[in-house]
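Good morning, colleagues. Please take a moment to look at the sequence and the structure, after which I shall go through selected features in turn.

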Amino acid sequence: MNKQLCYCNKCKGSVCSKRTFRRHMLKELNEQNDPSIRQTGILDNTDNNFIIPANINEARIDNMTINEKSYSDDEIVSEYEIDEHYTINTNISTNIHHNPLILNTNETTRWAMLWVYLFQDTFVLPQTASATLLDFLKDLLESFNNTTFSDFPSTIYRADRLLGVEHEYRNYIVCPHCHHLHLPDILNGNVQPIKCNKCNEIITKMVWTSKGNHLIKPIKVYPYYSIIQQLELLLSKPEMEDLLESCFKREIDDDIFADVYEGRVWKTFTDTNGQPFFVKNVLEIHIGFALNLDWFSPCKHIQYSVGVIYLTILNLPRHIRFREENTFVIGIIPGPHEPDVNEIHQYIEPLVDELLQLWAGQVIKSPNYPIGRIYRAALIMIVCDTPAARKIGGFSSHSSKRGCYRCDHSFSTIQDSNTSHWKPDFSNFNANLPQRSKEKHQSIAYKFKNSSSTIRNQIFTEHGIRWTPLIKLPYIDIQRFIVIDPMHNLYLGTAKRIMKKWTSGEQPLISVHDLKKIQSIIDATPPPSDIGRIPHKIASQFAGFSADQWKSWCLIYSTLTLRDILPEEHRQYWQSFVDCLLLWGQTIITREEIEYGDFAIKDFLAKVKSIWGPEIATPNMHMHLHIKDCMLDYGPLYSFWCFPFERLNGYLASMPNSGRNFATEVMNIINRQSLLHHTMSIGKSIFSDKVIKSFMKLQSFQHENKGTMAKYNFTIQEALYFKKLPFQISQMNIRGYESIPGKLLSPTCELTMEKPLVDCLVGYYKRVYADLEYQFYSGSQQQDRHAIFVSPSIIRASALQIADEHFGSQLCRSVLASNVMVAFLDDENNFQYWPANIRYFFKHSIVLPYVGITEHVLAMVDWYGKHIKIDHFNVSRRGSSRILDEVTQNGMRHVELWKPPIIRRVSSENIIPVQRIVCRFIKSDYCLQNTRTNLVAVIPLNRRFSV
């Protein structure tokens, strides 16, 4: 049949040819600039289902696979009518699926070549190291077979030729004076200096070659790597398309936030027709981008600052979202100084042009869709530190009366008692200030753009808004999409500010002697290996602390060390601040916990103001009031803070370069890495298992697993189930066979338990199966023919991995991860926590009636002793603030005082199911004043769950 029902606005259900149907369908997409095929009228009005075109044969809606015979490349290009500025782009890059010469060589050459490149990428080595290694491998291989390996490359140049490395990015020529961008084509055929077509400054220089010739080269360049090109390379990975669509398959309660997908922005973002954008679509994939702009110094001893524009794909699961190979480095803004607020926008223009094209639609080929598929994308999150956010968003600085880019409020001024200068008063923490609106902001921005310089100054003074190219994005809600970065706001902002306040002045609250005392306590309190240690810098007033180290200080050490140093009134507001950080710092958080965190931060702000006065208030403190909305919009802090981007800055700064042209040299390396990962992904089918295993082993060194960059590889369903499990012991009997998202770690050994331990195990089973009235026995004496035999055989292990954490034991070389908090019910059925030290983990199986062999994962522990002053480190709160004592860490205190582990004869009480482990804790030796009794300060750690 060569006919097709067409439901476009013109045909309205009439029959037409298949060719006409395709032309009408694609024409409507262009005319309406519609990001969703299903919003163009191609719907069955009776049941609101897709009508799949008949020419899409063998289409499987569940996995989006379409037969390649459905359309030819020529048909697709001819069917799209490009009659507007931004329409669906069908210019598919032809070299994106290139077949590098290296894939046509013998396996040994492929293996050695790619391994050398991956080795250089993993350990960030200079090219001279790789060249030396290649030269050595060539000599080595030729010694075995000179004929076979005569073409093995011995230089980076020849290796790049084999890999197919070409410069995929564009070098814009930058005017050193006004930062205006020029296309690189202006150099073609020119032998004379070229001037900027905006300010008339010279933008090129003359360079003499070794042969005595001269060349015209730009003074400063801006390497820009196309979003679409990088997206094409990323999609060449066979599994990437499924990962991009995995975000549409999540099922989670509305009151739980585990990632950006549970936030209001992702759920409510719409296309041009007002229909949900981030939904599963048969013919298209919709992508959400997050943008970061930051400056850093790649040189240790020189004042030189470069800026980097990053773009991440929010569709990707969080455990791979921020990896180097999945993060787009769009552009590197050359130094030595940052461009000002009027100059930065010129570097954003190429990015905005591509975002507009991706909003209209881009056809991209992939392994699953060799004929191409439409990709649409929107920029829905901008996360930067405050100065960069104000620059890129066109907002005024924090020192202006319009110092908040989320409030539509003009702040009054207050005089600083120290400097006598007037500054904005940000201390009105209780007012419900009006929020900026999208429509009003865009109207003012366009008015600013079209006005003279005098009118612009008036507009900026009154509204604190200037023009930014991001306003050209039709969907942008810039004052909402620019989130408040918690890393800079909370840890590098307020935490640092309060500590400076305590340690400064003629009579500081914390003296130099106190700082040395704090340092000695921290040195004697080492954390587990997967938590970054605090350096020996506290005595120098926390000089050079990174954000991760500030985070460890606030959450782990501050409550412990400040107990005997800081007056109680100051510890009260600091405890509220730590409450907020603990509540908001969870990888999975509920709506209620977000509200409690907001209550805690407001309690902190009110108490700080009452003690220090309104002068203490900073823009960061005012911004705390908006973090709750950011979390409701984008989910947990882990979804939008700057920690991953700061790590990427460090990664780029560590790349070997000559120091003469950092931007282009680093972009060359990034370009080579992109092609390397592309080549490896398309070449996996021809590699042997041995070769792939060697690559995976090398890649395992790439991903950091400490601090805020700990890996995430845990599904949302498993995370929610296991997080709730310890707290459900009053409703269910946790026996030890419940599934855990983890495993016993090697080495393991099979042992036969001694009879006293077997008797303990029998007692354990009798206790946990008491409600089922099962009988258990060991040895040869069977009391009941229905009794269950308890074998003495176990599989013992020294460590256990649950989710993203490693739990150790006394059998490990380091026992720092062997301390855990365990949930249990007391004699009155009240829920409590009790610290324990794990001797070892073991796995044991029994045969249950009607079930069969049932495996239990258990732990042998020693219990700590309870102390009468368990809440010694916590401040007694009054009034409404007391509610925070119950909600923070589910009622667990920041720091608790216990007696050391009691070594007694082992009983069934020493055996626990690992499912009742609530979290790990750090211990610190402690003595009460005027006593000599050795006690232990227990510092619980937040659980890490990835999604």
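I begin with a definition: a disulfide is a pair of cysteine sulfur atoms within 2.5 Å. By this rule the structure has zero disulfides. Cys 175, for instance, takes part in none, as the nearest cysteine sulfur, that of Cys 199, is 3.4 Å away. The sulfur of Cys 178 has its closest cysteine sulfur in Cys 175, at 3.6 Å, which is too far for a bond. Are these two cysteines buried or exposed? Let me state the cut-offs: buried means under 20% relative accessible area, exposed means over 50%, and partly exposed is in between, using a 1.4 Å probe and protein chains only. Cys 175 is buried at 0% relative accessibility, and Cys 178 is buried at 12%.

A word on the origin of these values. This is a predicted model, in which local features need pLDDT of at least 70 and side-chain atom pairs count only at pLDDT 80 or more, while totals for chains, interfaces and linings use all residues. Residues are numbered from 1 along each chain as its sequence is written, and side-chain values use heavy atoms, with hydrogens and water left out.

Now to the chain as a whole. The protein chain has 947 residues, of which 55% count as buried. Its secondary structure comes to 26 helices and 31 strands; these are DSSP runs numbered from the N terminus, with helices being H or I of at least four residues and strands E of at least two. One helix, H18, spans residues 568-584, and 15 of its 17 residues are buried.

I turn next to charged side chains. Side chains of opposite charge can pair when their charged atoms come close. A salt bridge is a side-chain nitrogen of Lys or Arg within 4 Å of a carboxyl oxygen of Asp or Glu, and the structure holds 28 of them.

Which parts of the chain does the pair of Arg 264 and Asp 633 tie together? Their side chains meet in a salt bridge at 2.8 Å, N to O. Arg 264 lies in helix H8 (residues 264-268) and Asp 633 in helix H20 (residues 619-634), so this pair connects parts that are 369 residues apart in sequence. Arg 264 is partly exposed at 35% relative accessibility, whereas Asp 633 is buried at 2%. Both belong to a network of salt bridges that links Arg 264, Arg 480, Asp 629 and Asp 633.

Other pairs lie within one helix. In helix H4 (residues 127-144), Lys 138 and Glu 142 are four residues apart, about one turn of the helix, and their salt bridge is 2.9 Å from N to O. Lys 138 is buried at 12%, and Glu 142 is partly exposed at 22%. Lys 755 and Asp 759 also form a salt bridge, with their closest N and O atoms 3.1 Å apart. They too are four residues apart, in helix H25 (residues 755-768). Here Lys 755 is exposed at 58% and Asp 759 is partly exposed at 34%.

I close with Gly 683, which is found in helix H22 (residues 662-683). This glycine is buried, at 0% relative accessibility. Its C-alpha atom is separated by 9.5 Å from that of Arg 110, although the two are 573 residues apart along the chain. Thank you for your attention.
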